Amino acid sequence: MCKGKKIFGKKWIAGVLMFLAAGMLTACAGEPEKIKVEPVKVESYEEEGKKDASSGAEDGEGAAVGPESMEDNAEADTGAGEISDGAETSVSEEKLKEWFGENCIVEQTFEVELSEYEGKVYFVPYRPKEDGAEFYMQIVRDGEIMTEINSYVPEALQQERFGSLDAVSFFDLNFDGNTDIVLIETYGDTTFAAVYYGEPGNEEEGNGFFLAQSQLSEALTDALDTVSVSELRTLLTGGKKNGGFSDYQEAYGAVIRLCELEESYNAEEYSQELTYDLIDFDGDDIPELVAGVPGYYVSLYTYTGGRVCTLMDKWGYGAMGNAGYEYAPGKNSLRNQNADYAGAILYTTYMTMGAEYTMEQVVQIVFYNFDDVNGNGIPDEEEQSSIGYYGVTYIDGREVTAKECEAYDMGGYEFIAGKMSAEDMLAQLGQ
């Protein structure tokens, strides 16, 4: 399994850098508005006769019984398709309405396995009960609402009436190891794609949740001649699942196409364009792909066995003391240097790509460039006169020597940043 960490936009970057300054390097998900719903009991549904999910789903790939087969992710124009292998008795329309209410869209309600939750859950969409109400979705497990998902509707269609939910698909669209949700919806006479990136839960956030990707959804809809899940997947990956790419060139081509679509409506947010590069991060025969907007954020991807793995997902830098991210070519070592309190505290963090294709922290070295007399970890007013005249270095709260710190430095570090346009990078990849 390969999972990355993700951030969203400049507003989030400012927030995450505050966390970085406090000693947290890895970027936490952040933040368009999230829906956080405590588990709420709904009428318990029977085990017997439930739709069953097919076994053996790939990482980030939801297995589902329903209108769209999760084996081939193909759907007909009506949204109907084959039933997944491993399916057992289908649940009747009457039973689904008994469990989830009269307004659940039974033809698009099914049991799935999503990476954000343990075990099987039900994806339950609801049509508006009345004019002015909104279409929405719930993830339900064993009679508990795990999260509620508000729908994305393009601004131009927000005065139109909900028409239909034409197709639903669950797969890892953005290569971060989490299951995402793709909907095909119709409002009025217009059909559009709606993408929701999945985020795993944790102690702070609680249950897993899904974030609507409005700009990507708009870009995908505009790029498709026929708005369907199969056409969307063909546009992004040639119809291939992550894990089925022939080589890194093909895989990275898919990543670049997604990155360009994600940023195609962000021209006013950043003063520079997306750029790309290939680097040798870990010393094997396969290069890693760099993608990012210089001075704002950078992403890093690797390739293994037909699969793209996200090592860095839009890690922000360029403000609040974060100078960026460096690597020692071929030595599997990442270094980040970050400052807080106008340089009074300096953080040097070393990371490495682990066996699960994630960035793992090796060590964080904290240098206090002031005399922290009261030991509270911040330069208080009476201590600020000592800034620049005093220095002590810690690892895990233990004072260390310069020689101990040098043992972590692989030498020859270079900044991770893109150098060429998408067009040039695709040409170099032969895509």
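Which strands are included in what covers the buried residues of helix H2? Among the elements in contact with these residues are strand E4 (120-126) and strand E5 (136-141), where contact means heavy atoms within 4.5 Å.

The model is a predicted one, in which local features need pLDDT of at least 70 and side-chain atom pairs count only at pLDDT 80 or more, whereas totals for chains, interfaces and linings use all residues. Residues are numbered from 1 along each chain as its sequence is written, and side-chain values use heavy atoms, with hydrogens and water left out.

The protein chain contains seven helices and 21 strands; these are DSSP runs numbered from the N terminus, helices being H or I with at least four residues and strands E with at least two. Of its 431 residues, 52% count as buried, that is, under 20% relative accessible area, with exposed set at over 50% and partly exposed in between (1.4 Å probe, protein chains only). Among contacts with a separation of 6 or more, 55% are between residues 24 or more positions apart.

Helix H2 spans residues 93-100, and its buried residues are Lys95, Leu96, Trp99 and Phe100. They lie on the same side of H2, because they cover an arc of only 110° around the axis, the arc being that of the directions from the helix axis to the C-beta atoms. In an α-helix there are 3.6 residues a turn, so residues three or four places apart point the same way. Just after H2, Gly101 adopts a positive phi of about 105°.

Further along the chain, the axes of helix H3 (residues 214-223) and helix H5 (residues 248-263) come within 7 Å and cross at roughly 110°. Axes are lines fitted to C-alpha atoms, for helices over the stretch in contact, and angles run from 0 to 180 degrees between N-to-C directions. H3 and H5 are therefore roughly perpendicular to each other, a class that covers 65 to 115 degrees; angles under 35 count as roughly parallel, over 145 as roughly antiparallel and the rest as oblique. At this crossing, Gln215, Leu216, Ala219, Leu220 and Ala223 of H3 meet Leu258, Leu261 and Glu262 of H5.

Strand E11 (residues 275-279) is largely enclosed by the rest of the structure, because four of its five residues are buried. Five bridges join E11 to the antiparallel strand E12 (residues 288-293), and Ile279 has Glu288 as its bridge partner there.

An open sheet of seven strands follows the order E20-E19-E18-E17-E16-E15-E21, with antiparallel pairing; two strands pair if DSSP finds at least two bridges between them. Its edge strands, E20 (398-399) and E21 (414-415), each pair on one side only. Within the sheet, four bridges join E18 (residues 359-368) to E19 (residues 392-395), with Tyr368 opposite Val392 in E19.
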